[in-house]
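New to this one? Here is a quick tour to read with the model open beside you.

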Amino acid sequence: MTVVGRDKLVRFMERHAKARPALNTWLAEARDASWRRPVDIKTRYPSADILPDDRVIFNIKGNHYRLVVRIRYRNGILYIEWVGTHAEYSKRSFGG
């Protein structure tokens, strides 16, 4: 996948160093992935939440952090929309 918006991850990891290993692992896996449909993601990440409009919420580092992305499966492009702590996520609405 082509990952767009990595700068959001970098900024988040600068503030949350404990998230760095898990986010770097996720990023490497996402870059190497060829997800063509939501079931491809669920096979690797069973705890991921699949939302309308091709959005996916990943639980990172045992659900300490959340990552919201939008995927254009046909083009192989993944857009990072938001990353934050679980507590920050709980205060937001992503339309599940």
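What follows is a short briefing, grouped by topic.

Keep in mind that this is a predicted model. At its heart for our purposes is an open sheet of five strands with mixed pairing. Helix 1 packs on that sheet, and a search of the whole structure turns up five aromatic pairs.

**The sheet**

- Reading across the sheet, the strands come in the order 1-5-4-3-2.
- The two edges are strand 1 (2–4) and strand 2 (49–51), each of which pairs on one side only.
- On average, neighbouring strands are turned by 30° against each other, direction ignored.
- As general background, strands of a sheet pair through backbone hydrogen bonds, either parallel or antiparallel.
- Strand 1 and strand 5 take the parallel option, with three bridges; one to look for puts Val4 opposite its bridge partner Tyr79 in strand 5.
- Strand 4 and strand 5 run antiparallel and are joined by eight bridges. Here Arg70 has Tyr79 of strand 5 as its bridge partner.
- Strand 2 and strand 3 (residues 55–60) are also antiparallel, with three bridges between them, and Asp49 is partnered with Ile57 in strand 3.
- How buried is strand 5? Seven of its nine residues are buried, so the rest of the structure largely encloses strand 5.

**Turns and loops**

- A hairpin is formed by strand 4 and strand 5, with four residues between them. Gly76, in the turn, has a positive phi of about 70°.
- Most residues other than glycine have a negative phi, which makes the next two worth a look.
- Asp53 sits in the loop between strand 2 and strand 3, and its phi is positive, near 60°. Its relative accessibility is 57%, so Asp53 counts as exposed.
- Asp54 belongs to the loop between strand 2 and strand 3 as well, again with a positive phi near 60°. With a relative accessible area of 34%, Asp54 is partly exposed.

**Helix 1 and what it packs on**

- Helix 1 (residues 6–15) touches strand 1, strand 4 (65–72) and strand 5 (77–85). The direction of helix 1 makes about 20° with that of strand 5.
- Which residues of helix 1 are buried? They are Leu9, Phe12 and Met13.
- Why do these buried residues line one face of the helix? Looking down the axis of helix 1, they fall within an arc of 100°, so they share a face.
- A general point fits in here: an α-helix has 3.6 residues a turn, so residues three or four places apart point the same way.
- Glu14 and Arg15, on the other side of helix 1, are exposed.
- The buried residues of helix 1 pack against helix 2, strand 4, strand 5 and helix 4 (86–90).

**Aromatic pairs and the cluster**

- Phe12 and Tyr65 have ring centres 5.7 Å apart and planes at 80°, so this pair is edge-to-face.
- That pair links distant parts of the chain, since Phe12 is in helix 1 and Tyr65 is in strand 4, 53 residues apart. Both Phe12 and Tyr65 are buried.
- Trp35 and Phe58 make a stacked pair, 6.0 Å centre to centre with 25° between the planes.
- Trp35 is in the loop between helix 2 (20–32) and helix 3 (38–44) while Phe58 is in strand 3, so their pair ties together parts 23 residues apart in sequence.
- Trp35 is buried, with a relative accessible area of 6%, and Phe58 is buried at 1%.
- Trp35 and Phe58 also belong to one aromatic cluster along with Trp26 and Tyr45.
- Over the face of Tyr45 lies Arg44, at 4.6 Å from the ring centre.

**One more residue to find: Thr85**

- Thr85 is located in strand 5. Is it buried or exposed? With 17% relative accessibility, Thr85 counts as buried.
- Leaving aside residues up to four places away in sequence, Thr85 touches Phe12, His16, His64 and Tyr65. Phe12 and Tyr65 are the partners of the edge-to-face pair described above.

Notes:
Residues numbered from 1 in each chain as written. Predicted model: local features only at pLDDT ≥ 70, side-chain atom pairs only at ≥ 80, totals over all residues. Heavy atoms only, no water. Pairing = 2+ DSSP bridges. Axes fitted to C-alpha atoms, helices over the stretch in contact; angles between N-to-C directions. Contact = heavy atoms within 4.5 Å. Phe/Tyr/Trp six-rings, centres within 6.5 Å; stacked < 30°, edge-to-face > 60°. Buried < 20%, exposed > 50% of the residue type's maximum accessible area, 1.4 Å probe, protein only. Lys NZ or Arg CZ within 6 Å of the ring centre and 35° of its normal. Arc of directions from axis to C-beta.
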